[in-house]
Amino acid sequence: MKILLIKPETVGIFSFTNLVDHEPLEMEYLFTAFRNSGHEAVIWDRRYDITSLRKKLKIERPDVVCITGYITQQKLMIRFCSEIKKYDPHIKVILGGSNVEINYENYFGSEADYLYHLSGLDNLVKLLNCIEEKGSPDDIPGICFRKAGSWTVNPKVKESPESLPVPDRSFFYSNRKHFRYLCFRPLALVKNSFSCPMKCSFCFCTNRNGGHYACRSAESLVNEIASLDVPNVHITDDNFLVSREYLTEFIRLIKEKNIHKKYLIYGRADFIAKNADIMKELAGIGLALVMVGLESADDGELESYNKHTTADENLECIRILSENNILCAGLFIVHQGMKKADFDRLYKWIAEKDIIPTVSVFTPMQGSAVYKQYEGKLITDDVTKQDLFHCLLKPEHMSTAAFTFQYYRLSLKLAWKNRNSPLYSENNYFQSTLFILKVLLIRLKRLFSF
């Protein structure tokens, strides 16, 4: 069978920037798994290819279309289903990705044929073979499908990333100029784990893989890194800094294989604060940037997020990263209980530190531990607003407009202060303006040819 793999265009504010553009690793995994099973697959990255959907379907003539995306792309994915079925109702449509995995019920009103709510790929390959053989997916775990006019939900199973194939990166190498994280370009992604062992209340990633954290062996990870013809690698774990023993083995293997690359990771402040020696060794093998959820400078706020970290640990984390010349991409949250003075205090605290900040609005994202607590208080049910940059709860001390103004005022002040950071060294006003114009032209064309 022939499968068209659709990576939807970015929805939201980041679609107007060229600061962060990741390779479509999920599509490369699908491409590899399907090819290994004897099928033909084509990756269609709509972030850069502006061919209309109807024309692409006419060119590729797929038997199956697989679409993945985040919660902000939910409406777009549902629209794809409708348009594909209008073009040819015989094409089978499978939806997957993190949002489908956690919130598959959101897609019951779509025209999709199947929803895949697992992290691994073995059972998705089984589904594809089942479609080819015109069989029934009754016994395939992790599949939602229509049966007797209603949706049947097959149970989840716990999986390990060790079962994933080594991805074919021919698409990446043909398009490497696009893929970056700020000044780190070209940048490859490496998936090392499913879920996260921590339970931060605002994060839904911890509920992936049925809430079961599973990690590859350090040897498997390092072997894949060694095979990459790229200078920068982002290890995509929601938290890579979990175990001293694992990291010690990772460092040993990187040295043993004489690998020289720069690494970007996510990590926790408390681990960094308590493991200065490990951080120094990681810096020695190329760790260049840590995206760390500092969230707040207030212990009470950190406790409310179930972070199990302290403001003092945040300070120690910043000191250790700075001491080892590791860029600290600090992630912060502003919440609806803040007053103007709180925004000003947060700016002062961040501005005095050696960090590159990103500030998000507290968002009870669907699938997170706090969503049910706030579900009835949301001021909008528009999923495209669940991008961490919109106010979804009524502010306690000001209007929504005033809160939004304070949030963007804070973000712009911090961006201006850090405009000369090495992270943004390859971005200038001329380049950014050209990119925004390009995005606007792409959007205008798609208005007339979806």
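# A tour from His 117 to the helix pair

Begin by selecting His 117, which is buried, with a relative accessible area of 2%. The model on screen is a predicted one, and that should be kept in mind at each stop. His 117 lies in the loop that runs between strand 6 (114–116) and helix 5 (122–132). Showing its surroundings, and leaving out residues up to four places away in sequence, you will find that His 117 touches Val 100, Glu 101, Tyr 104, Gly 142, Ile 143, Cys 144, Val 153, Asn 154, Pro 155 and Lys 156.

Next, turn to the nonpolar cores. In soluble globular proteins, nonpolar side chains tend to be buried together. Here the largest nonpolar core has 88 residues, and the ones to select as those with the most contacts inside it are Leu 5, Phe 34, Ile 94, Phe 250, Met 279 and Val 334. Colouring helix 1 (residues 25–36) then picks out the element that gives this core its largest share, seven residues. A second core, separate from that one and made up of 23 residues, can be located by selecting Val 65, Met 77, Tyr 107 and Leu 115, which are among its members.

Which residues are in contact with Met 279, leaving aside its neighbours within four places in sequence? Centre the view on Met 279 and display Leu 241, Ile 272, Leu 287, Val 290, Ile 320, Leu 321 and Ile 326, with which Met 279 is in contact once those sequence neighbours are set aside.

Now switch to a cartoon and select strands 10, 13, 14, 15, 16 and 17, which form an open sheet in the order 10-13-14-15-16-17, with parallel pairing. At its edges are strand 10 (187–190) and strand 17 (356–361), each of which pairs on one side only. Looking across the sheet, neighbouring strands are turned by 20° against each other on average, direction ignored. For a closer view, take strand 16 (residues 327–334) and strand 17, which run parallel and are joined by six bridges; in this pair, Ala 329 stands opposite Ile 356 of strand 17.

Finish with helix 13 (residues 340–351) and helix 15 (residues 400–417), which pack at an angle of about 15° with their axes 10 Å apart. Because angles under 35 degrees count as roughly parallel, helix 13 is roughly parallel to helix 15. The crossing in which helix 13 passes helix 15 is right-handed. To display side chains where the two helices meet, select residues of helix 13 including Phe 343, Leu 346, Tyr 347 and Ile 350, together with residues of helix 15 including Phe 403, Tyr 407, Leu 410 and Leu 414.

Technical notes
Residues are numbered from 1 along each chain as its sequence is written. This is a predicted model: local features need pLDDT of at least 70, side-chain atom pairs count only at pLDDT 80 or more; totals for chains, interfaces and linings use all residues. Side-chain values use heavy atoms; hydrogens and water are left out. A nonpolar core is a set of buried Ala, Val, Leu, Ile, Met, Phe, Trp, Tyr and Cys residues joined through side-chain atoms within 4.5 Å. Buried means under 20% relative accessible area, exposed over 50%, partly exposed in between (1.4 Å probe, protein chains only). Helices (H or I, at least four residues) and strands (E, at least two) are DSSP runs, numbered from the N terminus. Contact means heavy atoms within 4.5 Å. Two strands pair if DSSP finds at least two bridges between them. Axes are lines fitted to C-alpha atoms, for helices over the stretch in contact, and angles run from 0 to 180 degrees between N-to-C directions. Angles under 35 degrees count as roughly parallel, over 145 as roughly antiparallel, 65 to 115 as roughly perpendicular and the rest as oblique. A crossing is left-handed if the near helix is turned anticlockwise from the far one by less than a right angle, and right-handed if clockwise.
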